[in-house]
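Reader: I have a model open and would like to talk it through with you. Could we take it one part at a time?

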Amino acid sequence: MEPKLLQELQNKLQEKKSRLEAQLSSFATKDPNLKDDWDTKYPRVPGSNLEEAADEVEEYSTKLHLEFNLETQLKDVNAALEKIAKDTYGLCEQCGNPIAPERLQASPEARLCGNCNK
Ligand SMILES: [Zn+2]
C-alpha cells in the first residue's frame, strides 16, 4: 500500500477511535480489567417513582444497545490499528487478498474484501 494512503487511513482510524471513545465515555465506564470493554452506567434517579423507574430501565436498555454497537466499531478500529503496527493492514482476513483502496477509504476498519463480505 502507498505510504501516503496508509497514513491517511491511519489518521482516519485514530480520529474514529477518539470519537467512539468520547461517545462511550459519555454514558459508560471503561472496564479497567478488560481491554475494549465498557460498562453502561445504570441511570439512577434518587427517589424516583415507579413510572420513572420504568423509564430508567428503558433508557438503560437503549444505552446497552448503543454501547454494544459502539464497542463493536471500536474493536474493529483497534484491530485495524494493530494491523498497521504489524504491517498486515489492508489484507482481507478471509482470503488474504488486498482490500480495494476505495473500500478502505469508505471504511478504514474493513476486515474483509468486497468478495468475502457478501
Ligand atoms: Zn477476501
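Author: Gladly, and a helix is a good place to begin: in α1, the buried residues are Leu-5, Leu-9, Leu-13, Lys-16, Leu-20 and Leu-24. Please keep in mind throughout that this is a predicted model.

Reader: What covers the buried residues of α1?

Author: The cover over the buried residues of α1 includes β1, β2, α2 and α3. As for the spacing of such positions, an α-helix has 3.6 residues a turn, so residues three or four places apart point the same way.

Reader: And how far does α1 reach from its first C-alpha to its last?

Author: It reaches 33 Å over its 23 residues, which is close to the 33 Å expected at 1.5 Å a residue.

Reader: What about α2, how far apart are its end C-alpha atoms?

Author: The end C-alpha atoms of α2 are 53 Å apart, and this agrees with the 54 Å that its 37 residues should span at 1.5 Å a residue.

Reader: Which residues of α2 are buried, and what covers them?

Author: The buried residues of α2 include Leu-70, Leu-74, Val-77, Leu-81 and Ile-84, and also charged or polar ones, among them Glu-56, Glu-67, Glu-71, Asn-78 and Lys-83. Among the elements that cover the buried residues of α2 are α1 and β2.

Reader: Switching to charges, how many salt bridges does a search of the whole structure find?

Author: The search finds six salt bridges. One of them joins Lys-63 to Glu-59, with the closest N and O atoms 2.8 Å apart, and these two residues sit four residues apart in helix α2, separated by about one helical turn. Lys-63 is partly exposed at 22% relative accessibility, and Glu-59 is likewise partly exposed, with a relative accessible area of 35%.

Reader: Which residue does Lys-75 pair with?

Author: Lys-75 forms a salt bridge with Glu-71, where the closest N and O atoms are 3.8 Å apart. Both residues belong to helix α2 and are four residues apart, about one turn of the helix. Lys-75 is partly exposed at 38% relative accessibility, whereas Glu-71 counts as buried at 7%.

Reader: And where do the two partners in the Lys-83 and Glu-93 bridge lie?

Author: The bridge itself has its closest N and O atoms 2.9 Å apart. Lys-83 lies in helix α2 and Glu-93 in the loop between α2 and α3, so the pair ties together parts that are ten residues apart in sequence. Salt bridges that share partners join Lys-83 and Glu-93 with Asp-76 and Arg-111 into one network. Within that pair, Lys-83 counts as buried at 13% relative accessibility, while Glu-93 is partly exposed with a relative accessible area of 44%.

Reader: I keep stopping at Asp-37; which side chain of opposite charge is nearest to it?

Author: The nearest one is Lys-75, which is 5.1 Å away, and Asp-37 has no salt bridge although it is buried. A salt bridge needs a nitrogen within 4 Å of a carboxyl oxygen, so a separation of that kind does not count. Asp-37 lies in the loop between β1 and β2, and, leaving aside residues up to four places away in sequence, it touches Thr-29, Lys-30, Asp-31 and Glu-71.

Reader: Now the metal: which residues coordinate the zinc ion?

Author: The zinc ion is coordinated by the SG atoms of Cys-92, Cys-95, Cys-113 and Cys-116, at 2.2 to 2.4 Å. Along the chain, the donors follow the spacing C-x2-C-x17-C-x2-C. Cys-92 lies in the loop between α2 and α3 and Cys-116 in the segment after α3, so the pair ties together parts that are 24 residues apart in sequence.

Reader: What is the geometry of the site?

Author: The site is tetrahedral, with angles of 105 to 114° among its four donor atoms. For four tetrahedral donors the ideal angle is 109.5 degrees.

Reader: Is Cys-92 buried or exposed?

Author: Cys-92 is buried, with a relative accessible area of 5%.

Reader: One last backbone point: what is the phi of Asp-87, and where is that residue?

Author: The phi of Asp-87 is near 70°, a positive value in a residue other than glycine. Asp-87 is placed in the loop between α2 and α3, and it is exposed, with a relative accessible area of 68%.

Methods: Residues are numbered from 1 along each chain as its sequence is written. This is a predicted model: local features need pLDDT of at least 70, side-chain atom pairs count only at pLDDT 80 or more; totals for chains, interfaces and linings use all residues. Side-chain values use heavy atoms; hydrogens and water are left out. Donors are N, O and S atoms within 2.8 Å of the metal (3.2 Å for Na, K and Ca); water is not among the atoms, so sites may look incomplete. Four donors count as tetrahedral if all angles lie between 85 and 135 degrees; four count as square planar and six as octahedral if opposite donors are over 155 degrees apart and all others between 65 and 115; anything else is irregular. Buried means under 20% relative accessible area, exposed over 50%, partly exposed in between (1.4 Å probe, protein chains only). Lys and Arg count as positive and Asp and Glu as negative; His and the chain ends are not counted. Contact means heavy atoms within 4.5 Å. The expected span of a helix is 1.5 Å times one less than its number of residues.
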